[in-house]
Amino acid sequence: MQRDKNIYLIGFMGAGKSSVSRAMAELSDLEEVDMDAVIVSQEGMSIPHIFEKKGEAYFRKAETEVLKELAGKQGIIVSCGGGTILKEENREIMKESGEVVFLSAAPETIFERVKNGRNRPLLNGHMNVEYIRGLMEERMPYYELAKTKEIITDGRSPQKIAKEIFAII
């Protein structure tokens, strides 16, 4: 892997971005950054509260600002928010500064991973496989535009996925 390139993990909520990025950091000497955690720290409130108090558009703008800052670094692993890929500007920033690895999973897998969570504002009142499938289908063209590589995460440990990512980049 080129040390001057970043590794951006993209995918739907629950695809494994945070757990895989942590596993990648444990297997290497690379710094790992969770974009959502950075935004929560900067804003001093949880993501659901940001959505509630300031709106999704504000949150998406904050994502872009964090992404710009991270793109200026070299050789880091970035766990991107699930919707980061929705903006063309974000997709371009990621592709220009690194490899963009799409972590994909079946809607049923996503549901199993997120069903007990309360930190998913886009799923509030819609915690079911059908809704998740629909939202994933809406976002799929954006994942396709953003990715440089793809890894399927269903039924696999974060450590195995991390090793596979290192093997292909």
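**View 1. Five strands make up one open sheet.** The sheet runs in the order β2-β3-β1-β4-β5, and its pairing is parallel. Here, helices (H or I, at least four residues) and strands (E, at least two) are DSSP runs numbered from the N terminus, and two strands pair if DSSP finds at least two bridges between them. At the edges sit β2 (31-34) and β5 (149-152), each of which pairs on one side only. On average, neighbouring strands of this sheet are turned by 20° against each other, direction ignored. Angles run from 0 to 180 degrees between N-to-C directions, with axes fitted as lines to C-alpha atoms, for helices over the stretch in contact.

What you see is a predicted model, in which local features need pLDDT of at least 70, side-chain atom pairs count only at pLDDT 80 or more, and totals for chains, interfaces and linings use all residues. Residues are numbered from 1 along each chain as its sequence is written, and side-chain values use heavy atoms, leaving out hydrogens and water.

**View 2. Strand β1 meets its two partners.** Strands of a sheet pair through backbone hydrogen bonds, either parallel or antiparallel. β1 (residues 6-10) and β4 (residues 98-104) run parallel and are joined by five bridges. Follow Leu9 to its bridge partner in β4, Val101; Ile7 stands opposite Glu99 in β4. Three bridges link β1 to β3 (residues 76-79), again in parallel, and Tyr8 has Val78 as its bridge partner in β3.

**View 3. Which residues of β1 are buried on each face?** In a regular strand the side chains alternate between the two faces of the sheet. Asn6, Tyr8 and Ile10 lie on one side of β1, with Ile7 and Leu9 on the other, and all are buried. Buried means under 20% relative accessible area, exposed means over 50%, and partly exposed is in between (1.4 Å probe, protein chains only).

**View 4. β4 sits among neighbours.** Because six of its seven residues are buried, β4 is largely enclosed by the rest of the structure. β4 also pairs with β5 in the parallel sense over four bridges, and Phe102 has Glu150 as its bridge partner in β5.

**View 5. Two helices pack against the strands.** Helix α5 (residues 88-97) packs on the sheet and touches β1 and β4, its direction making about 120° with that of β4. Contact means heavy atoms within 4.5 Å. Helix α8 (residues 158-168) lies across β1, β4 and β5, running at about 155° to β5.

**View 6. A cavity has a mostly nonpolar lining.** The largest cavity has a volume of about 40 Å³. A cavity is a set of points on a 1 Å grid over the protein atoms alone where a 1.4 Å probe fits but cannot get out, and lining residues have an atom within 4 Å of a point. Among the lining residues are Phe12, Phe102, Ser104, Met136 and Tyr143. Both β4 and α7 (129-146) give two or more residues to this lining.

**View 7. Gln74 sits in a loop.** Look for Gln74 between α4 (56-71) and β3. Gln74 is exposed, with a relative accessible area of 58%. Gln74 and Gly98 are 24 residues apart in sequence, and 8.7 Å apart in space, C-alpha to C-alpha.

How values were computed. 1 Å grid on protein atoms, 1.4 Å probe; cavity = no way out; pocket = protein on both sides within 12 Å on 5 of 7 lines; lining within 4 Å. Points joined across faces, edges and corners; volume = space filled by probe spheres on them. Nonpolar A, V, L, I, M, F, W, Y, C, P; charged D, E, K, R; others polar.
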